[in-house]
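Please load the model in a viewer and keep the selection panel at hand. The tour below proceeds by selection, with a remark on what each one contains.

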Amino acid sequence: MALPSPFKHELLLREYGQSTYELIQQLRTIEDREERTKRAQQIVQLIFRLNPSLREQPDAQPKVWNHIFEMTDGELDVDSPYPLHALDILAKQPQRVAYPSKSPKLKPYGRSVEVMIEQALALEDAAEREQATIAIGRTMKFLYRSYSKENAKDVTILKHLKELSGGKLELDPAQVDAQNLFEFATTPGGSGRPAPFIVPQPRAERSERGDRGDREGRRGGNNNRRDKQRRGGKKSRQEPQQPPQ
């Protein structure tokens, strides 16, 4: 059987499958109207059985009946429970997709980062622009790592950020390095996707927690040594068994 026209039936063929399409084409060969209507109803029931999710869509029954009518090129003469009409949207040739006319300036980041930079430059508030710049830099570092399979230095990301923004988006390199502004938190489960950024804690608070952990570790170590000494003492007090005389 010949394939349907590319613009009118191709989407319907992919949605319902080749076997269902052939069953619908066989309706044209049935001369008796009553029998043809019965077969059409059976095909509708088959479609809903093969695609249960269709029942959840609004106006699912009229939609399927009109799709069957469309796949017979409007020649389906049956007693339909719904008015049948051609779908004009399927008769229109789709417009060509506009492909980008130029490549991104830097391949690791693509066009999406350039769009983010354009949106950041449109921000008037200085604080919002700074936060947007940090988020863009963090995204650029993640994309660079995924593209080249190696880590990029913050200086390199700042250089590329300045180049893509025409020198309008800049950050203090010392601040970026001290606060790890371009680093993502590790995601649980190792999915590889970047987790939401967590603001680093002040050094004083980190050192205080570190000292507290060391003290608890030393306490735990002393307790472990005491337990070992107790178990060892019990073994040493056991008298060796004398061989039988």
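Begin with the largest pocket of this predicted model. Select Lys 102, Lys 105, Arg 111, Glu 114 and Glu 118, which lie nearest the centre of that pocket among the 11 residues that line it. The volume of the pocket is about 230 Å³. By residue class, the lining comprises five nonpolar, one polar and five charged residues.

Which helix gives the most to this lining? Select residues 110–121: this is helix H6, and it supplies five residues to the lining of the largest pocket.

**From H6 to H8**

Helix H6 also leads to the next stop, being among the elements that cover the buried residues of H8. Select residues 154–164 to display H8, then highlight its buried residues: Asp 154, Ile 157, Leu 158, His 160, Leu 161 and Leu 164. These occupy an arc of only 165 degrees around the axis, and therefore lie on the same side of H8. Now add helix H7 (126–148) and helix H9 (173–179), which, like H6, are included in what covers the buried residues of H8. Turn the view to the face directed away from the buried side, where the exposed residues Val 155 and Lys 159 are located. Just after H8, select Gly 166, whose phi is positive at about 65 degrees.

**Asn 180, beyond H9**

Proceed to the loop between H9 and helix H10 (203–237), and select Asn 180 there. What is the sign of phi at Asn 180? Asn 180 has a positive phi, about 55 degrees, although this residue is not a glycine. Most residues other than glycine have a negative phi. Asn 180 counts as partly exposed because its relative accessibility is 41%, and the partly exposed class lies between 20% and 50%.

**Helix H3**

Next, select residues 33–50, which form helix H3. How far apart are the end C-alpha atoms of H3? They are 26 Å apart, which agrees with the 26 Å that its 18 residues should span at 1.5 Å a residue.

Within H3, highlight the buried residues Arg 36, Thr 37, Ala 40, Ile 43, Val 44, Ile 47 and Phe 48. Their arc around the axis is only 135 degrees, so they are placed on the same side of H3. Show helix H1 (10–16), helix H2 (18–26) and helix H4 (60–71), which are included in what covers these buried residues. The face of H3 turned away from the buried side carries Glu 34, Gln 45, Arg 49 and Leu 50, which are exposed.

**Pro 81, beyond H4**

From H4, move into the loop that joins it to helix H5 (88–91), and select Pro 81. Is Pro 81 buried or exposed? Pro 81 is exposed because its relative accessible area is 54%, and the class begins over 50%. Add Gln 41 to the selection: the C-alpha atoms of Pro 81 and Gln 41 are 9.7 Å apart, whereas the two residues are 40 residues apart in sequence.

**The whole protein**

Finally, clear the selections and display the entire model. The protein has 10 helices and zero strands. Of its 245 residues, 27% are buried. Among contacts with a separation of 6 or more, 48% are between residues 24 or more positions apart.

Notes
Residues numbered from 1 in each chain as written. Predicted model: local features only at pLDDT ≥ 70, side-chain atom pairs only at ≥ 80, totals over all residues. Heavy atoms only, no water. 1 Å grid on protein atoms, 1.4 Å probe; cavity = no way out; pocket = protein on both sides within 12 Å on 5 of 7 lines; lining within 4 Å. Points joined across faces, edges and corners; volume = space filled by probe spheres on them. Helix = DSSP H or I, 4+ residues; strand = E, 2+ residues; numbered from the N terminus. Nonpolar A, V, L, I, M, F, W, Y, C, P; charged D, E, K, R; others polar. Buried < 20%, exposed > 50% of the residue type's maximum accessible area, 1.4 Å probe, protein only. Arc of directions from axis to C-beta. Contact = heavy atoms within 4.5 Å. Expected span 1.5 Å × (residues − 1).
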